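The following exercises concern the interface between two parts of one chain. Each task is followed by a solution in steps.

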Amino acid sequence: MSKKGDFEAVRKDIAELMHQPEYDDGSAGPVLVRLAWHSAGTFDAETDTGGSNGAGMRYEAEGGDPANAGLQHARVFLEPVKDKHSWITYADLWTLAGVVAIKEMGGPTIAWKGGRTDYVDDSKLPPRGRLPDGAKGADHLRWIFYRMGFNDQEIVALSGAHNLGRCHSDRSGFEGAWVNNPTQFSNQYFRLLLSLQWRKKTLKSGIEQFVNFDEDSETELMMLPTDIALTQDKSFRKYVELYARDKERFFEDFSRVFAKLVELGIQRDADGNITNTDNEKGGYHA
Ligand code: CCH
């Protein structure tokens, strides 16, 4: 048990659980990043509902959303950290784990503040369908991400997280990894989007994705229809080109936009305390 508020101790323990030789590509990192993103990516600016505060994914209404299939693995990885530092809220733990995982996998430092609570306000619960559907196109991406308050450049920067991890046929139905080294954060995803020829492939399940056979590694890489849409839409493509040629710029923009993602729906006072949640009902004051 660490001292209440000792986020450094929590960061250290998250970093230590990253190495998981039996799991996927040997790292818990990618699925932790996806957990952070899905916990926050339900936000709707207009109704001020959804977002990471409240850690609603612990409950069936949100956790059982098919879009969240597989994220129980991430939550299970983090359970020993929660046991050890029981003062931390799940809402803080999940978002912090994403930030730590990105750094551990060679990505940028991302600003992060604690203070989220685990109090679930039923009136703020997001309905299902708030997360993006990989089978769709550019209009769908805008519809989903504009709702959270992101612009085209931010959508492309965030999509660069697909440098990490893979698709699982028993989770989303899609199959495979986007890049050859899916536990190393880089701008490879953008470079491959532009440099390889992607052809449509229909999986046995009937699901369509894009693939390229990589001669060097003798593995088949994949892209979702939404990934390919980033190269077909003029406004999105500009930023795919920028991030493919300028890794530093991608790291900077990704860092800023991921920090914004995990703060969606959270208002803070000058001291950093969250002001728009019922702190009396649980949680930790920053
Ligand atoms: Fe994603 N993502 N994502 N994604 N994603 C999947 C996996 C990961 C979409 C669909 C999918 C973001 C945006 C989108 C990660 C991070 C981010 C999968 C496979 C699908 C499908 C799931 C499976 O089968 O396990 C779509 C559509 C969008 C639209 O923009 C954003 C934004 C982020 C983070 C900033 C990461 C990481 C993974 C890998 C997870 C793993 O388990 O390896």
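Domain bounds, as used here, come from an automatic or database domain assignment. The model under study is predicted.

**Exercise 1.** State which residues form each domain, and how far apart the domain centres lie.

*Solution.* The assignment places residues 7-131 and 259-281 in domain 1, and residues 138-253 in domain 2. Between the C-alpha centres of domain 1 and domain 2 the distance is 23 Å. Domain 1 brings 27 residues to the contact, and domain 2 brings 18.

**Exercise 2.** Determine the area buried between domain 1 and domain 2, and identify the three residues of domain 1 that supply more of its share than any other three.

*Solution.* The buried area amounts to about 1,900 Å². Carbon and sulfur atoms give 60% of this area. On the side of domain 1, the three residues are Asp 25, Met 105 and Lys 260, which supply 27% of the area that domain 1 buries against domain 2.

**Exercise 3.** Describe the polar and charged pairing across the interface, then the make-up of the side of domain 1 that touches domain 2.

*Solution.* Two salt bridges are found across the interface of domain 1 and domain 2. Glu 154 and Lys 260 form a salt bridge through their side chains, with an N to O distance of 3.1 Å. Eleven residue pairs are in polar contact between the two domains. Helix 2 (29-40) and helix 11 (247-261) each supply at least two residues of the side of domain 1 that touches domain 2; helix 2 gives the largest share, four residues. By class, this side of domain 1 holds 14 nonpolar, eight polar and five charged residues.

Methods:
Residues numbered from 1 in each chain as written. Predicted model: local features only at pLDDT ≥ 70, side-chain atom pairs only at ≥ 80, totals over all residues. Heavy atoms only, no water. Contact = heavy atoms within 4.5 Å. Buried area = accessible area lost by both parts, 1.4 Å probe. Salt bridge = Lys/Arg side-chain N within 4 Å of Asp/Glu carboxyl O. Polar contact = N/O pair within 3.5 Å; in protein donor to acceptor, adjacent residues only side chain to side chain. Nonpolar A, V, L, I, M, F, W, Y, C, P; charged D, E, K, R; others polar.
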